[in-house]
Amino acid sequence: MKNVLILASGIGSNFEAIIKYFKKNERNDIDFKLLCNRKNAKVLKRAEKLNIEANYLEFDKFKDFFKNRKFDLVVMAGFDRILDKEIIEANPFINIHPSLLPKYKGLNAIQKAFVNHDTISGITIHYANEKVDDGEIIYQKSLKINPKWSLKKLETKIHELEHYYYPRIIEKLLGLNVLVIGSGAREHCIAEKIKESKFLNKLYLADANDGFSFLGEKIEYIDYFDLAQKAKEKKISFAIIGSEKYLSEGIVDIFKKFDIKAIGPDEKTSKLEASKLYAKKIMQKYNIKTAAYKKITKKNNINKFVDLFKNPVIKADGLAFGKGVYFNSDKKKVKSELFNFLSGKFSNASKTCLIEERLFGFEVSLFSFWDGENLVHMPLCQDFKQNNEGLNTGGLASICPIILNSKNEFKLNNYKKKLELFFKKEKIKTPFILYSGLMVASDDIYVLEYNVRLGDPECQVLLNYIENDWLSIFFAQVNKMLDYVKLQNKKRETTCIVMTSKGYPLKSRKNIEITNINKNNNLKIYFSNVKICNNKLYSMGGRVLSLVSQDKNLIYNTLEEINFEEKVYKKNVEIKQ
Ligand code: GRF
């Protein structure tokens, strides 16, 4: 049980917003109490109605009150006095102020912005100290003032922001319960980053493999309704969904029915990844450059359609887990593979296909985090999909960051602007991560494909290159606070090399023991297809583990040392430009 004391002196609308937020989320693990220094304050009536223990106390007696009491958090919500240093330093105190501090400290901040005809105002949530409206800023949200607004309207707008953001910041400071869904090295990396955060209360995992399930409490489930029900019982603050598998099966919409926040697109937006045709249509609508294409469903059109293209590439319309793309300079081979695709090589996913003109240049991956209002672009990554035999895999290596020359950087910025327009015009509400697979060609930057989640293995390098607290980033994404995130990075190129079993991406053997994995502080190990039996680690085929470091030699030396009869990994991984 966490103890939170709210200090208020006046109307108490913030107090009410806080209580209602936590009641709605059924957070009965937090005990809220109110302390008020004004006998007739309206906030006392609100507390009674909301069934919250409330006390009036003369301000002179506050010192004594705090003497032998400890709180997990003290929240000032319209409290009209300042407290002594010794009281403030004994507990974490936070305050909210209706201006963009340091502007307009003290009383009547909203009126001051109004009479000064300010064009911008906002709110500040900050740690409190012994001075008025001072202390380290936790979060600020700005608001454009419409000159036609009355003072009353401006006050309403400011209070709306307060009532939305204050409860959420309190939730974060008290500790978040996070659910990570997925079984791969990507999810291992996400889970580990979240585990490192000081804002974590408890980590829950669904489908985690044996290589990282120890990081949190595992939730077993029958279907997504069952998982949502269990997530609700565990008071999950939000869920992070790793793989497209869950997204395409509609998990986000089910979670929504249970009022569980999640990072992942709704069904409509997930079509950006689940249907290449849908993605093409969106690109056309927003004037985003992409290769010319033709849709094909009938086998008797194969000859005619393929011959329309100089260098044809075929793509399954639906999800094929990174493997539904084929090209070959021999058109006969393209035609015969297209026949296989249309015959159902990837079941229904390839019953409709696209034929595209092949683009030339170098590929990069751009991850853009959307929170419903703000779009934050991550540094570029590059992934290495083809194995030594030229087969497409789920990804064998990745590097972050990729620095473009100024000409290409300019084109990338143009693309980012178009993306922003697309997100805003389509009114996408759900927070999710858009993964743009881009081709940097000699004349422009083209979109090869869209995914709606982090890539594996790009996630592993991105999350290790960016130094921010990742739980804070994900939390900001779920709560429309990405505008306040300032990315910091390691400055040093980060590499990930994936170790796979022999035969991948086709067939690979299972149950082969892996030993001699030497740990090093400068190296991260993330597991994917593994299981632990009698304290021994076994490969379950496919991609087995990811090694991440800023020191590439260290990765290769470690890979060399690992004892695994079947090991295969990509050598000499270098940025392709
Ligand atoms: C809020 O505007 C808050 O920012 C400031 O005092 C006001 C309190 O309003 N510190 P209420 O009592 O919560 O309605």
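Where is the place of Pro457? In this predicted model, Pro457 sits in the loop between S22 and H16. The peptide bond that leads into this proline from Asp456 is cis, with omega near 25 degrees. A second bond of this kind runs from Tyr504 to Pro505, where the peptide is again cis and omega is near 15 degrees. Pro505 turns up in the loop between strand S23 (494-501) and strand S24 (512-514). As a bit of background, most residues other than glycine have a negative phi, and most peptide bonds are trans.

Backbone angles also pick out two residues other than glycine with a positive phi. Glu26 has a phi near 50 degrees, and its spot is the loop between helix H1 (13-24) and strand S2 (30-36). For Lys480, phi is near 55 degrees, and this lysine belongs to the loop between helix H17 (470-478) and S23. Are these residues buried, exposed or something in between? Glu26 is partly exposed, with a relative accessible area of 44%. Lys480 counts as partly exposed too, at 27% relative accessibility.

On the far side of the Pro457 loop comes helix H16, spanning residues 458-465, and this helix is mostly covered, with 8 of its 8 residues buried. The buried set takes in Glu458, Cys459, Gln460, Val461, Leu462, Leu463, Asn464 and Tyr465. Two of these, Gln460 and Asn464, come up again as contacts of Tyr526. Tyr526 has its place in strand S25 (residues 523-527). With a relative accessible area of 0%, Tyr526 is buried, because anything under 20% falls in that class. Its other contacts, leaving aside residues up to four places away in sequence, include Ala185, His188, Cys189, Glu192 and Lys193, along with Val544, Leu545, Ser546 and Val548. Lys331, on the other hand, is 195 residues from Tyr526 in sequence and 40 Å away in space, C-alpha to C-alpha.

Next come the nonpolar cores. In soluble globular proteins, nonpolar side chains tend to be buried together. The largest nonpolar core here counts 86 residues, and the members that touch the most others are Val178, Ile194, Phe238, Phe369, Leu462 and Phe474. Helix H6 (residues 151-174) gives this core its largest share, 8 residues. Domain 1 (2-174) and domain 2 (176-264) each put at least three residues into this core. What does Ile194 touch, not counting residues up to four places away in sequence? The list runs to Val178, Val180, Leu200, Leu203, Ile240, Leu471 and Phe474. Apart from the largest core lies another, of 72 residues, with Ile251, Leu375, Leu412 and Tyr556 among them.

The two domains just mentioned come from the domain assignment of the protein, which gives residues 2-174 as domain 1 and residues 176-264 as domain 2. Their centres, taken over C-alpha atoms, are separated by 32 Å. In the contact between them, 11 residues come from domain 1 and 9 residues from domain 2.

That leaves the empty space inside. Rolling a probe the size of a water molecule over the atoms shows where empty space is left. How many cavities of 30 Å³ or more does the structure hold? There are 3, and the largest has a volume of about 80 Å³. Of the 14 residues that line this largest cavity, Lys276, Ala279, Leu448, Glu449 and Tyr450 come closest to its centre. Helix H11 (267-274), helix H12 (276-285), strand S16 (353-357) and strand S22 (445-451) each supply at least two residues of the lining. By class, this lining is made up of 6 nonpolar, 2 polar and 6 charged residues.

The second largest cavity has a volume of about 40 Å³. Its lining is formed by Glu244, Leu247, Ser248, Ser270, Glu273, Ala274, Leu319 and Val452. At least two of the lining residues come from helix H9 (244-248), and at least two from H11. Sorted by class, there are 4 nonpolar, 2 polar and 2 charged residues around this second largest cavity. Helix H11 thus appears in the linings of both the largest cavity and the second largest one.

Methods:
Residues numbered from 1 in each chain as written. Predicted model: local features only at pLDDT ≥ 70, side-chain atom pairs only at ≥ 80, totals over all residues. Heavy atoms only, no water. 1 Å grid on protein atoms, 1.4 Å probe; cavity = no way out; pocket = protein on both sides within 12 Å on 5 of 7 lines; lining within 4 Å. Points joined across faces, edges and corners; volume = space filled by probe spheres on them. Helix = DSSP H or I, 4+ residues; strand = E, 2+ residues; numbered from the N terminus. Nonpolar A, V, L, I, M, F, W, Y, C, P; charged D, E, K, R; others polar. Core = buried A, V, L, I, M, F, W, Y, C linked by side-chain atoms within 4.5 Å. Buried < 20%, exposed > 50% of the residue type's maximum accessible area, 1.4 Å probe, protein only. Domains from an automatic or database assignment. Contact = heavy atoms within 4.5 Å.
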